[in-house]
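Visitor: Before we start, please put the sequence and the structure up. I would like to ask about them piece by piece.

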Amino acid sequence: MLVSKGIITKLMITSVLATIGIFYYNQTPYCGIVFDSARRDILKTLSLDTVEQLLDKRSLTFPALCQMPISKLKRSLTKLAMPKPDNPGEAKAFRHLQRLSQDNEINIGQLQKVQAQMRNFRRQNYADAGINAMSWQALGPGNVGGRIRSITFDPDNSAHIYVGSVSGGIWSSQNSGNNWQPLDDFMANLSVSSLIFDANDHNVMYAGTGEGIFNMDQIRGLGIFKSNNKGQTWSSVLSTQNNTDFYWVNRLTSRRNNSAVIAATHTGIFTSNDGGLNWNNSYLGRSNDVDVNPDDDDKLIAGTWGGLLYSQDGGLNWSLAQGLSHINNVRIETAYAYSNANIVFASVDYNSGELWKSSDGGQSYQLINTGLSYLGVQGWYDNALWVDPLNENHIIVGGIDLWRSIDGGISFNKISTWWQAPRSAHADHHFIIHHPDYDGVNNQRLFFANDGGIYETPDISLAKGSTGWKELNNNLSITQFYSVAVSHHGKLIGGTQDNGTLVYTGDSENWTDTYGGDGGFSAADPVDDNYLYGEYVYLRLHRSSNGGISSESIYTNDMINDSPNFIAPFILDPNNPDRMLAGSRQLWLSANIKAVTPTWRSIKPITANQSPISAIAIPTSDSNIIYIGHNDGSIFKTNNAMAEQPEWNNISGANLPQRYLTRITVNPVNKNILFVSFGGYEDDNLWQSTDGGISWNNSTGSESGSLPPAPIRAIAIHPIEHNHIYIGNEVGIFTSHDNGDSWSLEHHGPANVSIDELTWGDNSMLYAATHGRGVFSANTNLTIPNAFYFPDKLDVALNSIIESEEKVIRGLAENTPITIVNGEYSKNCTGDYTNTNGYINNGDTLCLKHTSANVHGVKVITELKLGTLLFTFQSQTVINNASNVSANKSGGSLGIISLILFTITLVLKTKNPVN
């Protein structure tokens with residue numbers, strides 16, 4: 001075919017103009033050409049001031065703006081007003097609110113009563129409402145971690161590591177972090193901020209409790225604990241147990257010459273020369289760090305909110321160091337250079353992070369580095385400092401990310417990238433320690449405690465970005481959950497502090513995040529487990545429609561601007577999964593929550609007190625009834641919720657507490673029977689109504705079997721045995737077999753930790769979300785197997801054998817029938833598969849397999865029945881993208897290239913054009 005020169009010229013001009021136009025359209029001010037429309041749209045709207053804030057306060061770089069996942073970029077923008085990848089100060093303030101009595105104070109007398117009553121509970125026989133020692137199973141997450149502020153090594157075994165979690169207690173690993181075990185689950189306080197060995201007796205350990213780095217008063221720890229058997233068991237150091245000076249123990253250290261213990265606490269610095277029997281207070285003032293000179297036990301340094309201190313008489317007296325007189329009321333971390341003890345470094349939360357140096361053992365300091373902004377705006381929260389024990393010029397400082405210097409702090413290079421975790425270190429660093437065999441050459445191992453647990457660099461000289469990092473959270477289940485929800489197949493979704501909204505599909509070591517930052521309440525569609533719901537703080541709701549692979553926001557500005565709680569309640573209507581209700585000061589309803597863009601309207605106005613909504617409940621039998629609780633303890637009810645504007649009645653009884661209402665739970669078969677719970681350390685935290693809220697009765701139990709006076713955060717009623725009631729409070733799970741007349745401590749369940757959610761997976765499987773020890777499940781009658789879930793296998797090859805993960809069966813009746821459709825099973829996973837009917841028992845393992853489809857993008861579903869329970873295992877063949885090659889991640893670039901190649905081809909094929 002002959003083509004005229006004019007046509008060719010027009011085609012070439014059109015091609016060039018199209019190329020220029022497309023490149024111009026995709027041009028961004030900070031990243032050049034961007035074909036990803038979502039990223040391009042964000043970048044085009046960023047002002048220079050916003051970009052500067054992202055770089056300064058969010059520890060980002062220009063390449064990060066262009067490379068990081070869109071979801072993390074969006075959340076970084078959201079968090080510019082919230083200073084960190086999570087919100088620890090606001091999280092603490094929220095939990096503090098739930099602990100207040102009606103006078104807005106914490107009832108310290110009742111708080112002390114809780115621990116005494118817990119000791120009595122543990123000595124009693126108990127009725128467990130269907131739960132026994134074999135019922136509980138820890139579900140992790142074992143790969144996520146949680147906030148750690150202390151790491152130490154066994155001086156006699158460098159492979160033996162200990163960590164202290166701020167809400168999950170003390171854990172140890174005997175194999176350098178390959179797996180972890182909790183120590184002394186029912187230690188009286190699990191908020192551990194500092195952990196050390198006695199300098200002379202390596203069987204003796206000390207643990208400081210209470211996380212005292214926050215600007216507002218928080219619930220305290222219980223002083224210092226001591227172990228005489230390398231941490232296997234712990235007992236309280238009685239002199240510190242009810243001592244106001246030890247409510248928050250921030251740092252411990254030990255002197256070598258007499259095994260003296262020195263404690264930096266929220267009120268000052270204290271020394272004990274007799275193993276904690278007696279203490280001498282040598283400094284009054286909020287203190288975060290104290291260190292002993294490596295060459296001289298009589299010399300110490302300390303970082304306090306009143307400045308840098310030094311002592312030359314073993315800590316009996318302290319003097320203020322020179323050079324920082326203009327800096328006050330900020331957090332300071334200190335570290336000796338072990339290779340030259342005259343050299344001391346200080347990381348100061350001033351001007352977004354400054355490094356100071358002393359050459360006279362801490363008596364005076366000079367500014368070494370400022371303007372790096374390594375602490376951002378949160379050095380009060382995360383501030384870590386390490387000095388190489390063999391090289392005083394090798395320094396690491398940590399805030400959101402980690403920075404390394406090899407010239408004594410004059411210059412630094414960033415070596416971690418928080419948004420790439422776990423390929424890089426997680427955000428927010430609190431403590432850095434080197435391996436005991438560190439020699440700077442053959443062993444350059446460092447360990448980092450952060451909000452994501454514990455990380456290691458096998459060779460610190462190679463660590464940078466996403467290279468050279470190793471996450472060590474192997475069964476370290478210390479994640480702080482606010483909630484958990486269960487799909488009909490046993491998939492879990494839960495909101496956490498610091499570590500996002502997480503999804504579990506059966507493997508405790510493979511929880512995945514569907515949304516980052518802080519999580520909150522959660523919900524799962526009862527029919528279609530592709531639909532999972534969570535929230536970021538202040539009611540920023542999000543939804544996944546693909547089983548948790550990704551999520552998108554579904555809230556409106558009117559909702560988040562209506563002063564919701566930090567963790568604000570929302571629920572799915574149990575009678576209609578298309579309806580969602582969410583609470584700020586008003587109650588919001590979406591009747592099309594699965595729509596591309598759900599619509600919302602207010603169906604309950606703001607109360608006279610303008611108190612935010614704290615709890616929502618709908619009976620499973622009637623969507624017209626809604627119960628609403630508020631921060632001020634008030635309760636409202638409507639009987640016509642389906643109306644355009646429902647009518648609301650205040651059903652707050654005169655005898656009900658007027659403090660934070662935490663939960664409302666309705667009897668599954670009687671809409672007029674409900675329990676409500678309250679915060680505060682008080683005796684009347686649980687109430688029941690049997691007449692729809694007309695009257696109320698205290699349900700905390702009799703004197704001998706009453707609940708401890710601790711904030712209650714969760715209530716569950718057994719779906720079949722309705723007299724079996726379960727509550728989760730600040731110190732554990734309690735069960736009642738008589739509708740709340742008496743209570744027992746659940747001895748075998750989650751440790752002495754706050755239980756934030758109790759929910760049912762089916763008629764007997766109870767799930768517990770803890771704020772510091774992950775998620776647990778319990779089979780309450782042992783007549784059906786534990787709910788489990790066979791994860792889908794996606795993008796598999798055509799016509800291939802697809803095998804499931806191995807699953808352990810628990811809770812079966814003897815010889816439960818097993819049948820399978822469209823696949824085969826292998827009992828005990830021996831590799832011998834069959835499709836014939838059989839029987840299975842407790843302890844057996846089970847594997848499934850089938851052949852994938854021979855067509856692209858097609859699912860194959862295997863159905864498994866154990867007795868009357870149905871489970872599925874699905875695979876889907878890879879989608880044929882041949883027809884959509886221009887729609888891949890390169891955006892429109894392939895289309896442009898194709899257009900240019902087409903033009904060139906026309907030219908080459910033209911031999912004798914016609915004029």
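Guide: What follows is a set of questions and answers on this predicted model.

Visitor: Which residues touch the most other members of the largest nonpolar core, and which strands each supply at least two of its residues?

Guide: The largest nonpolar core has 27 residues, and Ile170, Met187, Leu195, Ala207, Trp234 and Leu758 touch the most other members. The strands that each supply at least two residues of this core are β8 (192-197), β9 (205-209), β52 (712-717), β56 (755-760), β57 (765-770) and β58 (775-779).

Visitor: What does Ile170 touch, leaving out residues up to four places away in sequence?

Guide: Ile170 is one of the core residues that touch the most other members. Its contacts beyond four places in sequence are Val163, Gln181, Pro182, Leu183, Met187, Val192, Leu195, Ala207 and Trp234.

Visitor: How many residues does the second, separate core have?

Guide: This core is separate from the one just described and includes Ala91, Ala582, Trp588 and Trp600. Its residue count is 25.

Visitor: Is Asn369 buried or exposed, and which backbone oxygen does its side chain reach?

Guide: Asn369 is found in strand β23 (residues 366-369). Its relative accessibility is 10%, and because buried means under 20%, Asn369 counts as buried. Leaving aside neighbours within four places in sequence, Asn369 is in contact with Gly353, Glu354, Leu355, Gly409, Ile410, Ser411 and Phe412. At 3.1 Å, its side chain reaches the backbone oxygen of Gly409.

Visitor: Is Ser800 buried or exposed, and which residue's backbone oxygen lies 2.9 Å from a polar atom of its side chain?

Guide: Ser800 sits in the loop between β59 (793-796) and β60 (801-803). With a relative accessible area of 19%, Ser800 falls under the 20% limit and is therefore buried. Not counting residues up to four places away in sequence, Ser800 touches His850, Thr851 and Ser852. The backbone oxygen 2.9 Å from its side-chain polar atom belongs to Ala797.

Visitor: Why is one side of β28 and of β31 left without a neighbour in the sheet?

Guide: The sheet is open, with 4 antiparallel strands in the order β28-β29-β30-β31. β31 pairs with β30 (residues 453-457) over 2 bridges, and Lys470 in β31 is the bridge partner of Glu456. One side of each is without a neighbour because β28 (429-434) and β31 (470-471) stand at the edges, each with a single partner strand.

Visitor: Which residue of β26 stands opposite Ile395?

Guide: Ile395 belongs to strand β25 (residues 395-398), where Ile395 and Val397 point one way, Ile396 and Gly398 the other way, and all are buried. Strand β24 (residues 384-387) runs antiparallel to β25 and is joined to it by 4 bridges, with Val387 as the bridge partner of Ile395. β25 is also joined by 4 bridges to the antiparallel strand β26 (residues 402-405), and these two form a hairpin with 3 residues between them. In β26, the residue opposite Ile395 is Ser405.

Visitor: What is the average twist from one strand to the next in the sheet of mixed pairing?

Guide: That open sheet has 5 strands in the order β59-β67-β66-β62-β64. β59 and β64 (838-840) stand at the edges with a single partner strand each, so one side of each lacks a neighbour in the sheet. From one strand to the next, the twist averages 30°.

Visitor: Which residue of β67 stands opposite Leu866?

Guide: Strands β66 (residues 859-866) and β67 (residues 869-877) pair in the antiparallel sense over 8 bridges. Opposite Leu866 stands Leu869.

Visitor: Where are the cis peptide bonds before Pro141 and Pro422, and what is omega?

Guide: Most peptide bonds are trans. Pro141 lies in the loop between β3 (136-140) and β4 (148-154), and Pro422 in the loop between β27 (413-414) and β28. The cis bonds run from Gly140 to Pro141, with omega about 10°, and from Ala421 to Pro422, with omega near 10°.

Visitor: What is phi of Asn329, and is this residue buried or exposed?

Guide: Asn329 lies in the loop between β19 (319-320) and β20 (332-336). Its phi is near 60°, a positive value in a residue other than glycine. Its relative accessible area is 55%, and exposed means over 50%, so Asn329 is exposed.

Note on methods
Residues are numbered from 1 along each chain as its sequence is written. This is a predicted model: local features need pLDDT of at least 70, side-chain atom pairs count only at pLDDT 80 or more; totals for chains, interfaces and linings use all residues. Side-chain values use heavy atoms; hydrogens and water are left out. A nonpolar core is a set of buried Ala, Val, Leu, Ile, Met, Phe, Trp, Tyr and Cys residues joined through side-chain atoms within 4.5 Å. Buried means under 20% relative accessible area, exposed over 50%, partly exposed in between (1.4 Å probe, protein chains only). Contact means heavy atoms within 4.5 Å. A polar contact is a pair of N or O atoms within 3.5 Å; within protein, one must be able to donate a hydrogen and the other to accept it, and residues adjacent in sequence count only if both atoms are side-chain atoms. Two strands pair if DSSP finds at least two bridges between them. Axes are lines fitted to C-alpha atoms, for helices over the stretch in contact, and angles run from 0 to 180 degrees between N-to-C directions.
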